[in-house]
Amino acid sequence: MGRPRRRKNHGRARLASELAWREVLGTVPRDRVHLARLQNIWPDMVPRHLQEVAWPAKLADGRLVIHVDDNQWLHELTYLRRELLDRLRRASPAAKIRELRLRVGEVEVVPPPEPVPEPVYPGLPLEPERATIDAMESIDDEALRNRVAAARIALGSR
């Protein structure tokens, strides 16, 4: 009987994210992973009006293809190509984008994020109940009584 095989990571803890990325990159082509990252940051990279007419559709060998709605937008984005390329390179240097191509094609419109409602804080009635007034008046320390009363007023003013 031979010696037991030693595990590759013996003695070294590994992060779950590291293990997950190793599996993802072993299954999904790197260009596809980089494209997905570019698509995730796209809403932050371009103004809303451009998000509705342009979308990163393909990344292969450093060439990023952006689909646009129509020829008019294709022409318009031709003037913004250099600035857009610079922004995308800075945002995702790992994608190693060499070239940006614009094509008329299907554009995926990402809906704007839903507004987060303001939190609702339960308020107290402006006029405290008789039991609350009695409890505050029973505090012997005048400084503490004044602070409790100020806190009650602040809570009632919301």
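Biologist: Why is Asp 61 called exposed?

Modeller: Exposed means over 50% relative accessible area, buried means under 20%, and partly exposed is the range in between (1.4 Å probe, protein chains only). Asp 61 has a relative accessibility of 55%, so the residue counts as exposed. The model is a predicted one, in which local features need pLDDT of at least 70 and side-chain atom pairs count only at pLDDT 80 or more, while totals for chains, interfaces and linings use all residues. Residues are numbered from 1 along each chain as its sequence is written, and side-chain values use heavy atoms, with hydrogens and water left out.

Biologist: Where does Asp 61 lie, and what is notable about its phi?

Modeller: Asp 61 belongs to the loop between β1 (54–60) and β2; strands are DSSP runs of E with at least two residues, helices are runs of H or I with at least four, and both are numbered from the N terminus. The phi of Asp 61 is near 50°, which is positive although the residue is not glycine. Most residues other than glycine have a negative phi.

Biologist: Which residue in the loop between α4 and β3 can be set beside it?

Modeller: Lys 96 is found in that loop. Its phi is also positive, near 50°, in a residue other than glycine. With 64% relative accessibility, Lys 96 counts as exposed.

Biologist: What makes the pair Glu 99 and Arg 63 a salt bridge?

Modeller: The term requires a side-chain nitrogen of Lys or Arg within 4 Å of a carboxyl oxygen of Asp or Glu. For Glu 99 and Arg 63 the N to O distance is 3.5 Å, so the pair meets the definition. Glu 99 lies in strand β3 (residues 99–104) and Arg 63 in strand β2 (residues 63–68), so the bridge ties together parts that are 36 residues apart in sequence. Glu 99 is partly exposed at 26% relative accessibility, and Arg 63 is partly exposed at 29%.

Biologist: How do you know that Arg 63, Glu 99 and Arg 101 are linked in a network?

Modeller: Glu 99 pairs with Arg 63, and Arg 101 forms a salt bridge with Glu 99 in which the closest N and O atoms are 2.9 Å apart. Salt bridges thus link Arg 63, Glu 99 and Arg 101 in a network. Arg 101 is partly exposed, with a relative accessible area of 29%.

Biologist: How many salt bridges does the rule give, and which one joins two residues of helix α4?

Modeller: The count comes to seven. One of them joins Arg 87 and Glu 83, at 3.3 Å from N to O. Both residues lie in α4, four residues apart, or about one turn of the helix. Arg 87 is partly exposed at 29%, as is Glu 83 at 42%.

Biologist: Why is α2 called oblique to α4?

Modeller: The axes of α2 (residues 30–45) and α4 (residues 71–91) cross at roughly 125° and come within 11 Å. That makes α2 oblique to α4, since angles under 35 degrees count as roughly parallel, over 145 as roughly antiparallel, 65 to 115 as roughly perpendicular and the rest as oblique. The axes are lines fitted to C-alpha atoms over the stretch in contact, and angles run from 0 to 180 degrees between N-to-C directions.

Biologist: Which residues of α2 and α4 meet, and what are their classes?

Modeller: Leu 38, Ile 41, Trp 42 and Met 45 of α2 meet Leu 84, Arg 87, Leu 88 and Ala 91 of α4, where contact means heavy atoms within 4.5 Å. By class, this contact has seven nonpolar, no polar and one charged residues.

Biologist: At what angle do α1 and α2 pack, and which residues make the contact?

Modeller: Helix α1 (residues 16–27) packs with α2 at about 115°, with the axes 8 Å apart. Trp 21, Val 24 and Leu 25 of α1 and Arg 30, Val 33 and Arg 37 of α2 make the contact. Four of these residues are nonpolar, none is polar and two are charged.

Biologist: What makes Gly 26 an exposed residue?

Modeller: Gly 26 lies in helix α1. Its relative accessibility is 65%, so Gly 26 counts as exposed. Gly 26 and Ser 138 are 112 residues apart in sequence and 71 Å apart in space, C-alpha to C-alpha.

Methods. Ala, Val, Leu, Ile, Met, Phe, Trp, Tyr, Cys and Pro count as nonpolar, Asp, Glu, Lys and Arg as charged, and the others, Gly among them, as polar.
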